[in-house]
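Here are some exercises to work through with the model open beside you. Try each task before reading its solution.

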Amino acid sequence: MISRIARRIGTTVLFAVIILCLALTIVPHFLDAIYYQGPVSAHYDGERFRNPDRDDEIRLRPRGKRGNYIWRRLTGQTGEAPPAWPDQVRVVPKPVPARVMGNAMVATWVGHATVLVQTQGLNILTDPIWSSRAGPFDIGPARVAAPGIAFDKLPKIDLVLVSHNHFDHMDLTTLKRLWDRDRPLIVSSLGNDAVIGQVGVPSRTLDWGGRLTVKPGIEVIVNRNHHWSTRWLSDQNRALWSSFVVRLPGGNLFFTGDTGAGDLRWADEAAVYGPTRLALIPIGAFRFSPGQMGDWSHIGPVDAVDVARRLGASRSIGMHWGTFRLSNEAYDTPPRLLAAAMACTRQGGRFDTVGFGQPTAIAPYASPAGTPPMPRAALLACLDTPSIRAMR
């Protein structure tokens, strides 16, 4: 009897091992996908994309481990208590105009990297996500703030910019809703059309440096940044990531997308296309270990102020914070640290944050007073005060 039970247990274990081995062999290939095929370039090896700016060197540097952090969050094994975040943030949106004509410009932060920019009679939406969670199968990080514009209060959208295919930036449910309702022009970088097309939504995709005319006098330029892409891990870097320049008669809109610092010359490259009237720059989801000021794929306020300086931006708004908890800084660390970094650098141009759902008039472009770059070490020394050190 005992030997028969032992044999059954052994057989069960053997089959379990075989199934596990098959899963480890088959599943990664099943989850992989070929989103793009094209000529080899400095950032595409014929199969996958890469950052050409010191990517291998940056990956080897000691840093907080994102994967370990995410695993600890999913399993509840957070170790040291993380800084407190609110369960819910009160959002009191104001009505947004149907259109903003001429050189006037209004920007409304919906949340995370989603911003409605209205100018020249165009309604432009960046990385739209209205879903309650940032992840597949409704299992990703949950919103702590409702969208600053309810979807049914959103004006007709003409142009959508999608920076890359991570779930908190490419929300296929939202893109499908927008397409069914408004038929907007959706612009992204190479390979992302294959992902967006999975829900029957067409898009235009371009390589870095590619241009697309929206209407006379207005064009979208896909610009380099420093990031990566995946939907299912095994398909890592099968599609490209990017920032965007929207060239406008009253001064350009720059949408950084999701990015690490890299060599930061991608901001210099964007500045070549003309004066930046409004820059949308990420300031959150940068800390995976105590005191960290930036991750290889996410910038924090310390690098964000340098991006704004390199762009020569007249006005910059910090985004990619306060909506989904994706890292280990306190809820209000990004705006507080941004204000401190701006005070330390004393640079020209206005760079701050705005409230959810608050339409913000963007002043006409004015060249910011030239400010010499502040060495990172000097900026960190300036920030080395008790109140800043207390920011987890």
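Strand E8 and strand E9 (residues 243–247) make a good starting point, as they pair in the antiparallel sense over five bridges. Before you begin, note that this is a predicted model, in which local features need pLDDT of at least 70 and side-chain atom pairs count only at pLDDT 80 or more, while totals for chains, interfaces and linings use all residues. Residues are numbered from 1 along each chain as its sequence is written, and side-chain values use heavy atoms, with hydrogens and water left out.

**Exercise 1. Strand E8 and its partners**

Task: Find which strands pair with E8, and decide whether E8 is enclosed or open.

Solution:
- Step 1. Helices (H or I, at least four residues) and strands (E, at least two) are DSSP runs, numbered from the N terminus. Two strands pair if DSSP finds at least two bridges between them.
- Step 2. Look along E9: Val-245 is the bridge partner of Ile-221.
- Step 3. Turn to strand E7 (residues 211–215), which runs antiparallel to E8 and is joined to it by four bridges. Here Leu-212 stands opposite Val-220 of E8.
- Step 4. Follow the hairpin of E7 and E8, where two residues lie between the strands and Gly-217 has a positive phi near 85 degrees.
- Step 5. Check burial (buried means under 20% relative accessible area, exposed over 50%, partly exposed in between, with a 1.4 Å probe and protein chains only). Ile-218, Val-220 and Val-222 point one way from E8, Glu-219, Ile-221 and Asn-223 point the other way, and all are buried.
- Step 6. With six of its six residues (218–223) buried, E8 is largely enclosed by the rest of the structure.

**Exercise 2. The loop after E8**

Task: Locate Trp-232 and say whether this residue is buried, partly exposed or exposed.

Solution:
- Step 1. Trp-232 sits in the loop between E8 and E9.
- Step 2. The relative accessible area of Trp-232 is 32%, which makes this residue partly exposed.

**Exercise 3. Helix H8 and the disulfide**

Task: Describe helix H8 (residues 333–345), then trace the disulfide that involves Cys-344.

Solution:
- Step 1. H8 has 13 residues and reaches 18 Å from its first C-alpha to its last, close to the 18 Å expected at 1.5 Å a residue. The expected span is 1.5 Å times one less than the number of residues.
- Step 2. Ten of the 13 residues of H8 are buried, leaving the helix mostly covered. Among them are Leu-337, Leu-338, Met-342 and Cys-344.
- Step 3. Just after H8 comes Arg-346, with a positive phi near 50 degrees.
- Step 4. The structure holds one disulfide, a term for a pair of cysteine sulfur atoms within 2.5 Å. It joins Cys-344 to Cys-382, S to S 2.0 Å.
- Step 5. This pair links distant parts of the chain, 38 residues apart: Cys-344 in H8 and Cys-382 in helix H9 (residues 376–382).
- Step 6. The torsion about the S-S bond of Cys-344 and Cys-382 is about -90 degrees, so the disulfide is left-handed.
- Step 7. Cys-344 counts as buried at 14% relative accessibility, whereas Cys-382 counts as partly exposed at 33%.

**Exercise 4. Positive phi in two loops**

Task: Place Gln-120 and Arg-183, and find how each is covered.

Solution:
- Step 1. Gln-120 is not a glycine, although its phi is positive, about 55 degrees. Gln-120 lies in the loop between strand E2 (114–119) and strand E3 (122–126) and, at 16% relative accessibility, counts as buried.
- Step 2. Arg-183 is not a glycine either, and has a positive phi of about 50 degrees. Its place is in the loop between helix H4 (172–182) and strand E5 (185–189), and at 51% relative accessibility Arg-183 counts as exposed.
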